[in-house]
Amino acid sequence: MSTHTSPVPSRTAGGAVAADVLRRVMSRFATGVVVLTVGGEHLRGMTANAFSSVSLTPPLVLCCVAHSAVMHGALTSTGAFGVSVMGADQEQVARHFADKRRPDGHAQFDPLAWRPGPRTGAPLIGGALAWLECEVSAVHTAGDHSVIVGTVLDAETAAEGSGLLFYEGGFRRVAPFDALGAG
């Protein structure tokens, strides 16, 4: 038997679920955390959890970026981006790139170890679990965001490590499989 702890969802005038209800429900879906970056004249980074693989053949990924985000214009005008998959010990890096008060341009990367990606020049964050470099292949408007599809030009992984998750409005760490008593 299932019990519900929240009232019947409120709806918008058009019958869709209200934004606050959707936010609360989606907070129960654990996601990985990445830092999206663009290179070029005006370096830029942004923490994101709306990121996913799309296809292995051809190699495609997607990220969702709000139209109001500075990164939206940077990504669509540059046409290429980097992705650094955050490790469990990189919560402060994720918070840094989520902070709208951080400096613009190169200065936002000053406190961090990073290297320019060989294919795109986009900053790849040191200590990440994995990195991808992508070329924007499609941009789809979806409400107040764009779904940006990227063709993966290069990808690599680092040594083993635990991942950083976003769940119920906060950062969480993934325990290594061996730590769960299985293995």
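Which elements are included in what covers the buried residues of α3? The views below take up this and other parts of a predicted model.

**Figure 1. Helix α3 and its cover.** Helix α3 spans residues 91–98, and its buried residues are Glu-91, Val-93, Ala-94, His-96 and Phe-97. The cover over these buried residues includes the strands β2 (34–38), β3 (44–48), β8 (123–125), β11 (164–167) and β12 (170–173). An α-helix has 3.6 residues a turn, so residues three or four places apart point the same way. Two of the strands in this cover also mark the ends of the confidence range: among the elements of the chain, β8 has the highest mean pLDDT, 98, and β12 the lowest, 82.

**Figure 2. The whole chain, for orientation.** The chain has 183 residues, of which 37% count as buried. Its elements are three helices and twelve strands. Among contacts between residues at least 6 apart in sequence, 60% join residues at least 24 apart. The mean pLDDT is 88, and 87% of the residues reach 70 or more. Where pLDDT is low, the predicted coordinates should not be read in detail.

**Figure 3. The largest nonpolar core.** This core has 17 residues. Those with the most contacts inside it are Leu-36, Cys-63, Val-65, Met-71, Leu-75 and Phe-81. Two or more residues each come from β2, β3, β5, α2, β6 (80–85), β9 and β10. Another core, of 15 residues, lies apart from it and includes Ala-94, Phe-97, Phe-109 and Trp-131. In soluble globular proteins, nonpolar side chains tend to be buried together.

**Figure 4. Surroundings of Cys-63.** Which residues does Cys-63 touch, not counting residues up to four places away in sequence? They are Leu-36, Ala-50, Phe-51, Leu-75, Phe-81, Ser-146, Val-147 and Ile-148. Of these, Leu-36, Leu-75 and Phe-81 are listed, together with Cys-63 itself, among the residues with the most contacts inside the largest nonpolar core.

**Figure 5. Helix α2 and the residue after it.** In α2, the buried residues are Met-71, His-72, Ala-74 and Leu-75. They pack against β2, β3, β5, β6, β9 and β10. Met-71 and Leu-75 also appear among the residues with the most contacts inside the largest nonpolar core. Gly-79 follows the helix and has a positive phi, near 80°. Most residues other than glycine have a negative phi, and most peptide bonds are trans.

**Figure 6. The largest pocket.** About 1,600 Å³ of space lies in this pocket. It is lined by 39 residues, and those closest to its centre are Arg-23, Asn-49, Ala-50, Cys-64 and His-145. The elements giving two or more residues to the lining are α1 (19–26), β1 (31–32), β3, β5 (60–66), α2 (70–78), α3, β10 and β11. Helix α1 supplies the largest share, five residues. By type, the lining divides into 22 nonpolar, eight polar and nine charged residues.

**Figure 7. Ala-50, by the centre of the largest pocket.** Ala-50, one of the residues closest to the centre of the largest pocket, is found in the loop between β3 and β4 (51–55). Is Ala-50 buried or partly exposed? Its relative accessibility is 31%, so it counts as partly exposed. Not counting residues up to four places away in sequence, Ala-50 touches Leu-62, Cys-63 and Cys-64. Ala-50 and Cys-64 are 14 residues apart along the chain, and their C-alpha atoms are separated by 5.4 Å.

**Figure 8. Strand β4 and the loop that follows.** Ser-55 is in strand β4. With a relative accessibility of 22%, Ser-55 counts as partly exposed, because buried means under 20%. Ser-55 and Thr-151 are 96 residues apart in sequence, while their C-alpha atoms are 9.4 Å apart in space. In the loop between β4 and β5 lies Pro-58. The peptide bond from Thr-57 to Pro-58 is cis, with omega near 0°.

**Figure 9. The largest cavity.** The structure holds one cavity of 30 Å³ or more. About 40 Å³ of space lies in the largest cavity. Its lining is made up of Arg-115, Pro-118, Leu-124, Trp-131, Leu-132, Glu-133, Asp-154, Ala-155 and Glu-156. The elements that give two or more residues to this lining are β9 (130–142) and β10 (145–157). Five of the lining residues are nonpolar, none is polar and four are charged. Trp-131, one of the lining residues, also belongs to the core of 15 residues.

Note on methods: Residues are numbered from 1 along each chain as its sequence is written. Side-chain values use heavy atoms; hydrogens and water are left out. On a 1 Å grid over the protein atoms alone, a cavity is a set of points where a 1.4 Å probe fits but cannot get out, and a pocket is an open set with protein on both sides within 12 Å along at least five of seven lines; lining residues have an atom within 4 Å of a point. Grid points are joined across faces, edges and corners, and a volume is the space filled by probe spheres set on the points. Helices (H or I, at least four residues) and strands (E, at least two) are DSSP runs, numbered from the N terminus. Ala, Val, Leu, Ile, Met, Phe, Trp, Tyr, Cys and Pro count as nonpolar, Asp, Glu, Lys and Arg as charged, and the others, Gly among them, as polar. Buried means under 20% relative accessible area, exposed over 50%, partly exposed in between (1.4 Å probe, protein chains only). Contact means heavy atoms within 4.5 Å. pLDDT is the predictor's confidence in each residue, from 0 to 100. A nonpolar core is a set of buried Ala, Val, Leu, Ile, Met, Phe, Trp, Tyr and Cys residues joined through side-chain atoms within 4.5 Å.
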